[in-house]
Amino acid sequence: MTTPPLLQLQQAQAARDVNTASLCRIGQETVQDIVLRTMEIFQLLRNMQLPNGVTYNPNTHGDRLGKLQEHLRMLSVLFRKLRLVYDKCNENCSGMDPIPPEQLIPFMEDDGSKHEERSAGHSRPATEERREILEVNKKLKQKNQQLKQIMDQLRKLIWEINAMLAVRS
């Protein structure tokens, strides 16, 4: 059965228009399949009896060997697929300018001026927000320390009251 030329053209165009995010998802699924197949291979190897003179069923051994070879063949197919996806992603991203991670992630450094010069104001709101959070945390720790001191004083006072009541009775 042959497909019409228009349908073939549409399929070829759809294959070319796959975006990088879809390729990454396909790559992730392929890696998951590779891991699953590898786990199945190890399971088969664990259950396989070695032909070391011990009585074994040649049919069972042949079946397991066939399954193992099939898994290994599928594993090599999956690795080829992963390589194709990787190459296509690199091809799609080759024209992009790499963005340094310092601009994507607001780092917390000892010398904050160095970071601010590098990022050229891209993460100032995040830096200010982080500074506010640190100040609030510092105040919270101070309040917790004060509450701890008050609880210790109350504990000591209750201990003294109980001691006096014990002496009185």
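This report covers the helices, the nonpolar core and a few selected residues of one protein chain.

**Overall fold**

The model is predicted. The protein chain has six helices and zero strands. Read from the N terminus, the order of elements is α-α-α-α-α-α. The chain holds 169 residues, and 10% of them count as buried. Take the contacts between residues at least 6 apart in sequence: 56% of these join residues at least 24 apart.

**The α2/α3 pair**

Helix α2 spans 20-47 and helix α3 spans 58-93. Two packed helices are described by the angle between their axes and the distance between the axes. For α2 and α3 the angle is about 160°, and the axes are 9 Å apart. An angle over 145 degrees counts as roughly antiparallel, so α2 is roughly antiparallel to α3. The crossing of α2 past α3 is left-handed.

Two C-alpha pairs add distances to this picture. Cys93 and Thr20 are 73 residues apart in sequence, with C-alpha atoms 7.9 Å apart in space. Ile34 and Met74 are 40 residues apart in sequence, and their C-alpha atoms are 8.7 Å apart.

**The nonpolar core**

In soluble globular proteins, nonpolar side chains tend to be buried together. Here the largest nonpolar core has six residues: Ile34, Ile41, Met48, Leu68, Leu75 and Leu78. Both α2 and α3 supply at least two residues of this core. The largest share, three residues, comes from α3.

Which residues does Leu78 touch, beyond those up to four places away in sequence? Leu78 touches Thr30, Asp33, Ile34 and Arg37. Ile34, also a core member, sits in helix α2. Outside its neighbours within four places in sequence, Ile34 is in contact with Leu75, Leu78, Phe79 and Leu82. Leu75 and Leu78 belong to the core as well.

**Selected residues**

The table lists relative accessibility for four residues of α2 and α3.

| Residue | Helix | Relative accessibility | Class |
|---|---|---|---|
| Thr30 | α2 | 1% | buried |
| Ile34 | α2 | 8% | buried |
| His71 | α3 | 14% | buried |
| Cys93 | α3 | 31% | partly exposed |

Why does Thr30 count as buried? The cut-off for buried is under 20% relative accessible area, and Thr30 has a relative accessibility of 1%. Ile34 is buried because its relative accessibility is 8%. His71 also counts as buried, with a relative accessible area of 14%. Cys93, at 31%, is partly exposed.

Contacts fill in the surroundings. Leaving aside neighbours within four places in sequence, Thr30 is in contact with Leu78, Lys81 and Leu82. Leu82 is likewise among the contacts of Ile34. His71 lies in α3. With residues up to four places away not counted, His71 touches Arg37, Glu40, Ile41 and Leu44. Ile41 is one of the core residues. Arg37 also touches Leu78.

**The annotated span**

Away from this pair of helices, there is one record to note. UniProt, in an unreviewed entry, lists residues 126-160 as "coiled-coil region". How much of the span 126-160 is helix in the model? The span is 100% helix and 0% strand. The C-alpha atoms at the ends of residues 126-160 lie 51 Å apart.

Notes: Residues numbered from 1 in each chain as written. Predicted model: local features only at pLDDT ≥ 70, side-chain atom pairs only at ≥ 80, totals over all residues. Heavy atoms only, no water. UniProt positions renumbered as here; feature names shortened; annotations may be inferred. Helix = DSSP H or I, 4+ residues; strand = E, 2+ residues; numbered from the N terminus. Core = buried A, V, L, I, M, F, W, Y, C linked by side-chain atoms within 4.5 Å. Buried < 20%, exposed > 50% of the residue type's maximum accessible area, 1.4 Å probe, protein only. Contact = heavy atoms within 4.5 Å. Axes fitted to C-alpha atoms, helices over the stretch in contact; angles between N-to-C directions. Parallel < 35°, antiparallel > 145°, perpendicular 65-115°, else oblique. Left-handed = near helix turned anticlockwise from the far one by under 90°.
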